[in-house]
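User: I've got this model open and I'd like a close look at a single part of it. Could you walk me through that part and how it sits in the whole?

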Amino acid sequence: MEPITGKALILACSAIGAGLAMIAGIGPGIGQGYAAGKGAEGVGRQPEAQGDIVRTMLLGAAVAETTGIYGLIIALILLFANPLVGLL
Amino acid sequence: MEDANFIVKFLDWLMTFDRKALILAASAIGAGMAMIAGIGPGIGQGYAAGKGAEAVSINPKASKQATLVMLLGAAVAETSGILALVVSLILLFGNPIVTQEGAVIILVASALGAGISMIAGIGPGIGQGYAAGKGTEATGRRPEYQSNIIRAMFLGQAVAQTTGIYALIISLVLMFANPLVKLL
């Protein structure tokens with residue numbers, strides 16, 4: 001087996017880190033699902049207010065999405081623009 | 001060292017690497033760990049969004065007030081996600097550990113610990129989001145008490161934030177003012 005270089009170790013750990021960062025996706029998934037459920041419940045109760053209900057729901061869900069996007073950004077940085085390899 | 005156990009072998013193997021490589025590798029894992037905190041705001045803000053939809057359906061006339069409270073509460077719930085993002089970006093782009101003196105194993109573990117510490121952000125994220133949801137619900141029911149509701153919500157959210165701040169402090173200490181290196 002060829003010896004593992006320091007650069008290889010950093011890149012390997014970057015792969016692990018990128019995967020760990022995406023665990024954050026759990027949150028928006030749960031939260032937005034709850035919002036969607038409540039949205040459906042609301043439209044069922046007041047069908048005439050459908051436009052308002054969906055607008056509020058989408059606005060809130062967009063905010064809930066942000067942390068998932070942060071995780072994605074860190075993962076993409078680790079994969080495609082890794083700043084750590086350059087520091088070696 | 002023929003009968004050395006797995007952990008000793010693993011540590012011996014790690015020590016065959018350049019010290020910078022080890023610290024940077026640990027920083028990569030730490031940056032990923034920190035972002036796990038994003039679970040919290042995601043759940044909390046989603047709950048607030050759901051309560052927003054519910055409040056508008058119950059009292060469509062209070063749609064604007066309820067939406068305002070939802071967004072204010074969700075903005076507070078976002079903070080722990082932002083703090084985790086900041087720690088992650090520090091580890092990636094302004095890594096303070098790689099230039100430090102001291103035992104490499106301590107610095108490696110500190111980089112990991114700085115990231116793991118930020119996972120605590122899950123708690124404030126969920127809790128503040130719950131408060132935002134209940135504030136939205138209450139505003140939908142009694143829009144005339146909007147300012148009182150917002151005040152109570154912010155007060156509770158401020159208390160919920162404390163553990164997230166503690167985690168940030170530990171993370172920053174591990175990165176910038178590591179007390180462990182001097183103890184060796």
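Which residues of chain A does UniProt list for "domain: V-ATPase proteolipid subunit C-like"? Please take that stretch as the part to look at, and go from there to whatever it leads to.

Analyst: Sure. One thing up front: this is a predicted model, so let's keep an eye on confidence as we go. For that domain, UniProt lists residues 16-78 of chain A, and the entry is an unreviewed one. Over residues 16-78 of chain A you're looking at 87% helix and 0% strand, with the end C-alpha atoms 10 Å apart.

Compare that with another record from UniProt, again from an unreviewed entry: a "transmembrane region" at residues 57-81 of chain A. Here the chain is 96% helix and 0% strand, and the end C-alpha atoms are 35 Å apart.

Now zoom out to the whole of chain A. Chain A has 3 helices and 0 strands, so along the sequence the pattern simply reads α-α-α. Its radius of gyration is 20 Å, well over the 12 Å that the globule rule gives for 88 residues, so chain A is more spread out than a compact globule. The C-alpha trace fits that picture, spanning about 70 × 25 × 10 Å along its principal axes. Of the 88 residues, 42% count as buried. Contacts within the chain mostly reach far along the sequence: with a separation of 6 or more, 84% of them are between residues 24 or more positions apart.

How far can you trust it? The mean pLDDT of chain A is 89, and 99% of its residues reach 70 or more. By element, α2(A) has the lowest confidence, at a mean of 88, while α3(A) has the highest, at 92.

Next, the neighbour. Chain A has 52 residues in contact with 47 residues of chain B. On the chain A side, the elements giving two or more residues are α1 (6-21), α2 (26-45) and α3 (50-80). The biggest giver is α3(A), with 17 residues. By type, that side of chain A splits into 30 nonpolar, 17 polar and 5 charged residues.

For a residue-level view from across the interface, try B:M35. Leaving out residues up to four places away in sequence, B:M35 touches A:A21, A:A24, A:Y70, A:G71 and A:I74 in chain A, plus B:A84 and B:S88 in its own chain. B:M35 also shows up in the largest nonpolar core, which has 81 residues; among the members touching the most others are B:M35, B:A25 and B:M118. Helix α4 (residues 63-93) of chain B supplies the largest share of that core, 13 residues.

As for chain B in general, there are 7 helices and 0 strands. Its radius of gyration is 22 Å, where a compact globule of 184 residues would be near 16 Å. The C-alpha atoms of chain B fill a box of roughly 75 × 30 × 25 Å, and buried residues make up 56% of the chain. Taking contacts between residues at least 6 apart in sequence, 89% join residues at least 24 apart.

One last stop is B:G156, in helix α7 (residues 146-176) of chain B. B:G156 counts as partly exposed because it has 19 C-beta neighbours inside 10 Å, and buried would take 20 or more. Its C-alpha atom is 33 Å from that of B:I29, which lies 127 residues away along the chain.

Methods. Residues numbered from 1 in each chain as written. Chains lettered and ligands numbered in written order. Predicted model: local features only at pLDDT ≥ 70, side-chain atom pairs only at ≥ 80, totals over all residues. Contact = placed C-beta atoms within 7 Å. Helix = DSSP H or I, 4+ residues; strand = E, 2+ residues; numbered from the N terminus. Nonpolar A, V, L, I, M, F, W, Y, C, P; charged D, E, K, R; others polar. UniProt positions renumbered as here; feature names shortened; annotations may be inferred. Buried ≥ 20, exposed ≤ 12 C-beta atoms within 10 Å, placed from the backbone. Core = buried A, V, L, I, M, F, W, Y, C linked by C-beta atoms within 7 Å. Rg over C-alpha atoms; globule rule 2.2 N^0.38 Å. pLDDT = per-residue confidence, 0-100.
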